[in-house]
Structure formats: C-alpha cells, structure tokens
Amino acid sequence: MKQNTQNRSFGLLFFIIFFAFALWPLIKKGEINLYLISIALIFLILGLLNSKILTPLNKSWIKFGELLGRIIAPIVMGIVYFIILTPISLLVRLFGKDLIGMKFNKNLKTYWIKRKKNLGTMDKQF
C-alpha cells in the first residue's frame, strides 16, 4: 500500500510541475505548451489511478535525488565550513579568545567547574 501512495504523490507532483511549465508562457503573453499539458494530464490520470506504471519512474526519481544529495551535500558543507566557520575561527584566534577553555593553566589545581545551579532530584525528568 505504501508504494501506491508514493506513486499517487509522485504522479500528482509531476502533474503540478508539468502543468506549471505548460502555463509559464502565459506570464510573457505566450502560448500554452500543449505537449506539457498532455504530459501533465497523463501524470494526473496515472497518479489518481495509482498505476504501477509510475513505480519505475518513481524509483528512478528517488535514486536521482539520492545521487544529487551525495554530490550537493558535501559541496554545501564545504562552502559553509570555508566561508563561515574558518573566518570566524581565524578571528577568534587572532584576538586570543579561549571560548571552550582549552588553554593549559599551571595555576589551577583542577579543571572541574562547580555548578552554581542545583538541579534537584532527577525523579521527574519528563
């Protein structure tokens, strides 16, 4: 049953996408693309009927999304790291800040931090 609902969602989603692309030329006073309208109607009919014809298309679309995720996610994370985190780290080091207390201090007996707030009993945590 899960595959049927996925096929239905897939069909309706592609109906909306193709229908939007078919009507897009109306914004610039162009003509409606009848080929895209017909493709959109095919996806609508197949989506509403929960056709098994959409199963291979749905699976290939999911595989394509996973492939894009494997490619795009490291690129985005690299951009975030090198454009945001690296400059912030360099600025913090330039100003000599020790935000997480990593510097060694010979004068301290212990690095334990006394908790000021009493948590009370942990009987009712939730």
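These notebook entries record what I looked up in the structure of one protein chain.

**Entry 1. Status and fold**

I noted at the outset that this is a predicted model. I then listed the secondary structure of the protein chain and found three helices and zero strands. Reading along the sequence, I wrote the pattern down as α-α-α. Helix α1 covers residues 2-23 and helix α2 covers residues 34-48. For α3 I recorded 54-94, with a further segment after it.

**Entry 2. Overall dimensions**

I asked what radius of gyration the protein chain has. The value is 28 Å, whereas a compact globule of 126 residues would have one near 14 Å. I also took the extent of the C-alpha trace along its principal axes, which is about 80 × 45 × 25 Å.

I next looked up burial and found that buried residues make up 13% of the 126 residues. The accessible surface of the protein chain comes to about 11,700 Å². Carbon and sulfur atoms hold 70% of that surface.

For contacts, I considered those with a separation of 6 or more, and 57% of them join residues 24 or more positions apart.

**Entry 3. Charges**

I counted the charged side chains of the protein chain and obtained 18 positive and 4 negative. The centres of the two sets lie 8 Å apart.

**Entry 4. Aromatic rings**

How many aromatic pairs are there? I recorded nine aromatic pairs. I examined F10 and F43, whose rings are 6.1 Å apart centre to centre with 75° between the planes, an edge-to-face pair. F10 belongs to helix α1 and F43 to helix α2, so this pair ties together parts that are 33 residues apart in sequence. I checked the exposure of both residues, and F10 and F43 are buried. I then looked for a wider grouping and found one aromatic cluster formed by F10, F14, F18, F43, W61 and F64.

**Entry 5. Positions in α1 and α2**

I located N4 in helix α1. N4 is partly exposed, and its relative accessible area is 31%. From N4 I took the C-alpha to C-alpha distance to L48, which is 9.9 Å, although the two are 44 residues apart in sequence.

I then turned to L41, which is found in helix α2. L41 has a relative accessible area of 41% and is partly exposed. L41 and G11 are 30 residues apart in sequence, and I noted 9.6 Å between their C-alpha atoms.

**Entry 6. The loop between α1 and α2**

I asked where K29 is found, and whether it is buried or exposed. K29 sits in the loop between α1 and α2. K29 is exposed, with a relative accessible area of 77%. I also read its backbone angle: K29 has a positive phi of about 60° although it is not a glycine. For context, most residues other than glycine have a negative phi.

**Entry 7. The segment after α3**

I placed K103 in the segment after α3. Which residues is K103 in contact with, leaving aside its neighbours within four places in sequence? I found G96, D98 and Y111. I also took the distance from K103 to I113, which are 10 residues apart in sequence, and it is 15 Å, C-alpha to C-alpha.

**Entry 8. Recapitulation**

I closed the record with two points for reference. The protein chain is made of three helices with zero strands, and its radius of gyration is 28 Å. Between helix α1 and helix α2 I have on record the pair of F10 and F43, both of which are buried.

Key: Residues are numbered from 1 along each chain as its sequence is written. Side-chain values use heavy atoms; hydrogens and water are left out. Helices (H or I, at least four residues) and strands (E, at least two) are DSSP runs, numbered from the N terminus. The radius of gyration is taken over C-alpha atoms; the globule rule is 2.2 Å times the number of residues to the power 0.38. Buried means under 20% relative accessible area, exposed over 50%, partly exposed in between (1.4 Å probe, protein chains only). Contact means heavy atoms within 4.5 Å. Accessible areas come from the Shrake-Rupley method with a 1.4 Å probe; for residues, only the protein chains shown count as cover. Lys and Arg count as positive and Asp and Glu as negative; His and the chain ends are not counted. The place of a charge is taken as NZ of Lys, CZ of Arg, CG of Asp or CD of Glu. Rings of Phe, Tyr and Trp (its six-membered ring) pair if their centres lie within 6.5 Å; planes under 30 degrees apart count as stacked, over 60 as edge-to-face and the rest as tilted.
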